[in-house]
Amino acid sequence: MAALANSEHVLTLLQQNDTTTTTANFSKLNLGDTHIIQICQALTHNVHCTDLDLSSNAFGLDGLFAIANLIACNCTLTKIDLSFNTLHSRGALALSRVVSSSNLKSLMLQNCGPSTALILMAMMRSPTTWNTINTSLNPVTNAMMQNSISSENKRRRDFEKPQSKRKSN
């Protein structure tokens, strides 16, 4: 109960754009979509928080969409921990579309499920120099990554073909 009360205090500080709140730890609070959306809204215009820990919670697709939106519009965050949350494939796809153009330097995705491969592929295409990427304990095997790479390479080749040589559907 004390941890939840502390998280409400941290949320208030984030909403106030408090200059001393550079880390927001909301780990292991079993937070659902509603709370994650509130946190993301508080951080949207926050210019002081650089580190967000949302590990071990219970959010779903709406929470992931809120996180993707936050990553797209917040230039201050450099580290996000989403470990030990199941990432829905549509939410992972939304994250994969924004991570490559973000200011993130560290993304923790430990034990987040097979959809982590979508995010990893986007990170591999990113010009960003990543300091930390933790994807351990995910059922993303080398074969899955190789298939993803092969599919991405095929998609790029097809896209780069002259318009007249592309297959018509």
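This is a short tour of the chain, stop by stop, with a note on what to select at each one. Keep in mind that you are looking at a predicted model.

**Stop 1: the whole chain**

Start with everything shown as a cartoon. You should be able to pick out 6 helices and 5 strands. Follow the chain along its sequence and the elements come in the order α-β-α-β-α-β-α-β-α-β-α.

Now switch on the surface. About 9300 Å² of the chain is exposed, and carbon and sulfur atoms supply 51% of that area. Of the 169 residues, 44% count as buried. Contacts across the sequence are worth a look too: among those with a separation of 6 or more, 81% join residues 24 or more positions apart.

**Stop 2: helices α2 and α3**

Select residues 33-43 for α2 and residues 61-73 for α3. The two axes come within 8 Å and cross at roughly 10°. Angles under 35 degrees count as roughly parallel, and α2 and α3 are therefore roughly parallel to each other.

Which residues make this contact? Show side chains for D33, I36, I37, C40 and L43 on the α2 side. Facing them from α3 are L61, D62, G63, A66, I67 and L70. Colour the contact by class and you will find 8 nonpolar, 1 polar and 2 charged residues.

**Stop 3: helices α4 and α5**

Next, select residues 89-99, which form α4. Its buried residues are G91, A92, A94, L95, S96, V98 and V99. What covers them? Part of the cover comes from α3, β4 (106-108) and α5 (116-125), so add those elements to your view.

Stay with α4 and α5 for a moment. These two helices pack at an angle of about 10°, with their axes 8 Å apart. That makes α4 roughly parallel to α5. On α4, the residues that take part in the contact are S89, A92, L93, L95, S96 and V99; on α5, they are L118, I119, A122 and M123. By class, this contact divides into 8 nonpolar and 2 polar residues, with no charged ones.

Among the α4 residues in that contact, A92, L95, S96 and V99 also belong to the buried set of the helix.

**Stop 4: the cysteines**

Select the cysteines and show their sulfur atoms. How many disulfides does the structure hold? There are 0. A disulfide is a covalent bond between the sulfur atoms of two cysteines.

Zoom in on C73, which is in no disulfide. Its nearest cysteine sulfur belongs to C75 and is 8.2 Å away, whereas a disulfide needs the pair within 2.5 Å. Is C73 buried, exposed or partly exposed? At 34% relative accessibility, C73 counts as partly exposed. Compare C49, which is buried with a relative accessible area of 0%.

**Stop 5: two loop residues with positive phi**

Finish with the backbone. Most residues other than glycine have a negative phi. Two residues to visit here have a positive one.

Select N17 in the loop between α1 (2-15) and β1 (23-25). Its phi is near 55°. With 25% relative accessibility, N17 counts as partly exposed.

Then move to S56, found in the loop between β2 (51-53) and α3 (61-73). The phi of S56 is also near 55°. At 23% relative accessibility, S56 counts as partly exposed; the cut-off for buried is under 20%.

Notes: Residues numbered from 1 in each chain as written. Predicted model: local features only at pLDDT ≥ 70, side-chain atom pairs only at ≥ 80, totals over all residues. Heavy atoms only, no water. Helix = DSSP H or I, 4+ residues; strand = E, 2+ residues; numbered from the N terminus. Buried < 20%, exposed > 50% of the residue type's maximum accessible area, 1.4 Å probe, protein only. Contact = heavy atoms within 4.5 Å. Areas by Shrake-Rupley, 256 points an atom, 1.4 Å probe, with all protein chains shown as cover. Axes fitted to C-alpha atoms, helices over the stretch in contact; angles between N-to-C directions. Parallel < 35°, antiparallel > 145°, perpendicular 65-115°, else oblique. Nonpolar A, V, L, I, M, F, W, Y, C, P; charged D, E, K, R; others polar.
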